[in-house]
Amino acid sequence: MTADVMQRPRRNGLWREMLDGWVTALTEPSLDVFRAQRDQADLLKTALGVGLLGLVIGLWAVAVGPASLVTGTEPVWVNLLRIIFFTEADFFIIGLILFFIAKGFGGEGGFNQHSYLLSLVAVPLGMIVVALLFVGDKLGLTLMAILNPLSPVGIAGILMILFGFYGLLLLLFALQAAHSMQASAVVYTLGTPLIGWGVLRVASMFAAHEENMITTEWDFIAGQWAKGTIQELLLGHLWLVAFSVAIAVVLGVVMGVFITWPSRRPRLSHLVILIPLVLCFLLWAASSGLLGEGMADSIKVMVKGWDRSLTRAGGFFGPLLDILAAIVSKPSAVGMIGMMFTIILYALFLAGEAASDLTLYIAGIILTIPSVALFGVMIKPLGIGPLNAAFALILYAQLPILRNTYTGIKAVAPEIVEAGRGMGMTELQLLLKVKLPMAVPVIVTGVRVSIVMLIGITAIAAYIGNDTLGEYIFTGISRAQEKRYIAGAILVAILALAVDYFMGWLQNRWTPEGLKGRREAT
Amino acid sequence: MIRFEHVTKIYPGTSSPAVDDLSFTVPTGEICTIVGPSGCGKTTTMKMVNRLIEPSGGDIYVLDERGELRNVLEMDPILLRRSIGYVIQQIGLFPHRTILQNIGTVPQLMGWDEARIRRRAEELLEMMNMSLEYLDRYPHELSGGERQRIGVARGVATDPPVMLMDEPFGAIDPINRNILQNEFLRLQREIKKTILFVTHDIDEAIKMGDKICILNAGGILEQFDSPAHILSHPANEFVEDFVGADRALKRLNLVRVEEVMDSRPPLLQATQNAEEAIGFMSERGLRFAYVIDADRTLKGYVRLRDLKGKTGWVDEFVEPAATAILMGTSLKDALSGMLVVDYANVCVVDAHNRVRGLVNTEMIHRAVVESESEKSADEEGEE
């Protein structure tokens with residue numbers, strides 16, 4: 001087959017064709033250009049391309065003379081051959097590794113096409129980079145690019161970095177064209193060797209007991225884990241998030257549902273709302289001394305007793321008990337918050353859709369308040385600790401849920417709602433059997449956004465005396481311990497990513513089966 | 001039966017009514033199509049029956065399953081809606097529920113147990129000529145036509161006496177729409193529901209309706225009558241314009257070939273000899289004749305000029321007929337079939353390919369002319 005290809009008459013001559021290939025690949029890179037080049041690939045062109053790369057780098061090396069490759073004792077042509085050989089061998093090995101990884105990700109092209117397209121990127125960019133290297137050596141270039149970007153060396157360095165990125169981009173095209181793969185598989189193909197290299201590098205750090213940021217962080221985190229501090233803070237972090245999200249989901253979904261309903265007139269039966277309202281009022285009044293100091297005092301004593309029995313408990317549920325204890329210890333505040341939410345919910349229940357714009361607008365405003373500011377403002381009424389944190393977290397968490405519930409329900413096609421109504425569903429049945437199930441994917445997205453956001457805010461809640469992973473960050477900063485605050489940042493980031501991944505999995509599971517394939521169907 | 005008595009609907013904030021003093025009665029077991037230009041209130045009219053829209057005035061009665069005529073305005077809207085079949089375009093299926101759950105929507109609301117719902121759904125799928133495998137699939141896995149069949153099945157799930165259909169075949173391509181319409185008409189012959197059928201397509205209205213209710217902008221009833229009568233006697237200029245200049249042709253849709261065909265056409269037996277055939281044809285002035293065998297199965301035709309001067313059996317000279325028309329075909333389809341193969345005469349056969357008659361363009365022409373002259377005679381009579 002190769003013989004056939006090689007005997008194909010070349011209309012413009014071999015060199016002209018190769019030059020065209022390099023120029024178009026560099027100047028108008030696109031999948032189509034690379035695909036066209038792939039169809040013209042043959043062994044001769046590949047060999048010439050790679051050979052040329054070796055020659056250019058070889059000539060440069062002989063001229064510049066790196067000590068490791070060019071020895072002064074050998075004749076020039078021996079050095080040149082050696083460097084050409086090393087270049088070709090490197091290219092071949094890297095190409096082969098990429099080829100097999102690409103095959104692993106479902107690539108379809110042959111090694112010949114694969115190598116030709118890689119050389120198409122490597123040869124012209126290699127020449128440019130080699131030319132730039134005459135301005136200064138590699139390390140110097142990249143460093144100068146940062147230190148003194150306006151000097152000639154600095155400019156050359158910046159150019160080299162840019163060409164490096166450009167080369168990576170072109171390699172993505174080249175791989176995709178060579179193997180007709182999906183874009184994601186191409187990224188994995190190119191990423192795998194990098195990650196593999198990273199893993200090897202890190203392993204070598206530990207093997208050689210190298211002292212750098214990665215090893216110190218590892219030692220620090222491992223030490224904290226052994227002491228059990230991380231587990232404790234992690235548990236505190238997660239419980240605070242879980243508690244707040246649990247309440248926020250209920251509040252957010254209920255409010256979201258309310259603002260999609262038509263508005264209604266108050267009725268006598270709505271007096272049921274008064275029960276929690278009155279209870280909350282009584283709680284607030286009694287504990288703040290409105291019903292006599294004696295009662296307030298006895299409540300205080302009672303609360304102290306509960307508080308003590310709750311805070312003594314530790315273990316898995318320890319942080320949750322801490323939160324409950326903090327709530328119990330501030331009955332007047334809890335009564336106030338309860339009244340507030342009851343009134344808001346009832347107002348939305350009555351106003352229905354008429355309040356949707358205003359509600360979403362206010363929700364948007366609340367979300368823009370910095371969490372640190374809210375924590376600070378709430379210290380006076382709610383004190384320091386889990387109660388203050390939970391209040392702010394619930395407030396923040398319910399907003400994306402509320403918004404997504406509203407959008408999700410509104411996005412249900414009116415024909416579907418009408419079909420349900422026309423078949424005799426009551427409004428409640430319509431909500432539970434049609435609107436909410438269809439809005440579930442959107443609502444869960446809201447919950448996912450909330451949780452990930454809360455993991456970040458909960459880290460800040462360490463500032464107002466909560467045992468969360470943010471503690472590492474704040475103590476680290478105040479004690480100027482670099483490894484401590486970096487560890488905190490790493491842990492919070494990992495936690496957020498892990499929880500987000502888990503929520504993505506849940507989202508997929510909870511999406512009704514019939515809604516999954518819908519996008520492809522339409 | 002569905003009866004409208006002086007029904008009016010004025011939407012809040014508007015001064016002119018959307019439906020104006022509408023009165024008509026749809027007899028039990030008939031389809032009434034409501035048709036009119038957009039904004040004529042046809043959907044409003046339909047939705048007032050199950051009170052998705054509340055009328056501003058007048059009364060609407062439906063015959064319930066016990067045979068009692070009941071005023072819908074005095075019924076609980078939820079129970080009313082459950083007792084009336086409701087079919088809308090295929091997008092009205094619940095995408096998150098399986099076909100079984102979709103069909104079982106109203107039965108479930110009425111508290112049927114699962115086994116009964118499943119049995120009913122299976123029965124309905126069979127009625128729709130669909131495989132039982134569909135039960136556990138989701139709407140997005142079905143084609144548009146299949147989804148619409150499920151939509152109809154869902155509407156008749158509890159066997160309600162009255163049904164409302166809101167442009168049910170509107171979003172289907174013309175070929176499948178025709179198939180679905182025919183299927184539904186066949187089904188209707190079995191289930192005999194009283195149906196209010198909204199459409200914007202006058203051809204569909206003529207085809208599907210036992211009665212047509214033509215509305216004008218502002219919900220004014222222009223004419224309520226049978227399709228044939230509306231086509232031959234449009235009540236006024238609006239109706240005349242609306243049914244179109246080709247209304248004479250549309251009438252062809254309403255007449256079936258067996259109504260106009262010559263049921264005793266001159267036919268040759270395959271076993272006759274050429275001489276007899278020549279005599280038979282010249283006696284009747286025919287240039288060709290259709291040939292049948294002993295049990296009246298259509299064999300083809302012979303031409304007079306092919307037979308001249310020949311001997312032997314007719315059978316040897318038969319050429320196959322390019323087309324034959326099935327009993328029950330409308331004149332419109334028959335005519336179009338004849339135009340395609342450029343025949344002036346064509347055999348009408350039954351399902352077993354036995355010749356039942358002959359139809360030619362002249363007979364079709366006469367059918368059109370008769371309805372026209374009937375109309376002019378009527379008009380003269382009125383003056």
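Visitor: Let me start with a single residue: at 32% relative accessibility, how does Asn353(B) count?

Guide: Asn353(B) counts as partly exposed, because its 32% lies between the cut-offs of 20% for buried and 50% for exposed. Keep in mind as we go that this is a predicted model.

Visitor: Where along chain B is Asn353(B) found?

Guide: Look between strand 15 (345–349) and strand 16 (355–360) of chain B: Asn353(B) sits in the loop there.

Visitor: What can I learn from the phi of Asn353(B)?

Guide: Start with the general idea. Most residues other than glycine have a negative phi. The phi of Asn353(B) is positive, near 65 degrees. Lys192(B), also not a glycine, has a positive phi as well, near 50 degrees. You will find Lys192(B) in the loop that links helix 7 (174–191) to strand 8 (194–198) of chain B. With 53% relative accessibility, Lys192(B) counts as exposed.

Visitor: Which residue with a positive phi follows helix 20 of chain A?

Guide: That is Gly424(A), with a phi near 100 degrees.

Visitor: How do I read the surroundings of a residue, say Thr8(B): is it buried or exposed?

Guide: Combine its place, its accessibility and its contacts. Thr8(B) belongs to strand 1 (residues 2–9) of chain B. Its relative accessible area is 17%, so Thr8(B) is buried. Beyond four places in sequence, the contacts of Thr8(B) include Pro17(B), Val19(B), Asp20(B) and Asp21(B), and also Pro55(B), Ser56(B) and Gly57(B).

Visitor: Can we try that on loops? Is Ser330(B) buried or exposed?

Guide: Ser330(B) is buried, with a relative accessible area of 6%, although its place is in the loop between strand 14 (325–326) and helix 15 (331–341) of chain B. Setting aside residues up to four places away, Ser330(B) touches Leu252(B), Asn253(B), Val255(B) and Arg256(B).

Asp293(B) offers another loop, the one between strand 12 (288–292) and strand 13 (298–303) of chain B. Here the relative accessible area is 22%, and Asp293(B) is partly exposed. Outside its neighbours within four places in sequence, Asp293(B) contacts Gln269(B), Ala270(B) and Lys299(B). Its C-alpha atom is 7.4 Å from that of Thr271(B), 22 residues away along the chain.

Visitor: Now for whole groups of residues. How many residues does the largest nonpolar core have?

Guide: A core is read by following buried nonpolar side chains that touch one another. The largest one here has 71 residues, and Ile451(A), Leu454(A) and Ile455(A) have the most contacts inside it. Several helices of chain A give two or more residues to this core, among them helix 10 (213–227), helix 19 (386–410) and helix 21 (427–460). Helix 19 of chain A provides the largest share, 15 residues. To see one piece of the packing, select Leu454(A): apart from neighbours within four places in sequence, its contacts are Val241(A), Ser244(A), Val245(A), Leu393(A), Tyr396(A) and Ala397(A). A second, separate core has 42 residues, and it includes Ile416(A) along with Ile60(B), Leu109(B) and Cys213(B).

Visitor: Which residues of helix 20 of chain A are buried?

Guide: Ile416(A), Val417(A), Ala419(A), Gly420(A) and Gly422(A) are the buried residues of this helix, which spans residues 414–422. Their cover includes helix 21 of chain A, and from chain B helix 2, strand 6 (84–87) and helix 6 (144–155).

Visitor: That brings in both chains. How many residues does each chain give to the contact?

Guide: Chain A gives 23 residues and chain B gives 22. Together they bury about 2,000 Å², with 69% of that on carbon and sulfur atoms. On the chain B side, Pro95(B), His96(B) and His140(B) supply 29% of the buried area, more than any other three residues.

Visitor: Which residues form the salt bridge between the chains?

Guide: The count is one: Lys47(B) pairs with Glu418(A), their closest N and O atoms lying 2.3 Å apart. Five residue pairs are in polar contact across the interface. On chain B, helix 2 (77–82) and helix 4 (105–109) each supply at least two residues to the side touching chain A, and helix 4 gives the most, with four. By class, that side of chain B has 11 nonpolar, six polar and five charged residues.

Notes. Residues numbered from 1 in each chain as written. Chains lettered and ligands numbered in written order. Predicted model: local features only at pLDDT ≥ 70, side-chain atom pairs only at ≥ 80, totals over all residues. Heavy atoms only, no water. Contact = heavy atoms within 4.5 Å. Buried area = accessible area lost by both parts, 1.4 Å probe. Salt bridge = Lys/Arg side-chain N within 4 Å of Asp/Glu carboxyl O. Polar contact = N/O pair within 3.5 Å; in protein donor to acceptor, adjacent residues only side chain to side chain. Nonpolar A, V, L, I, M, F, W, Y, C, P; charged D, E, K, R; others polar. Core = buried A, V, L, I, M, F, W, Y, C linked by side-chain atoms within 4.5 Å. Buried < 20%, exposed > 50% of the residue type's maximum accessible area, 1.4 Å probe, protein only.
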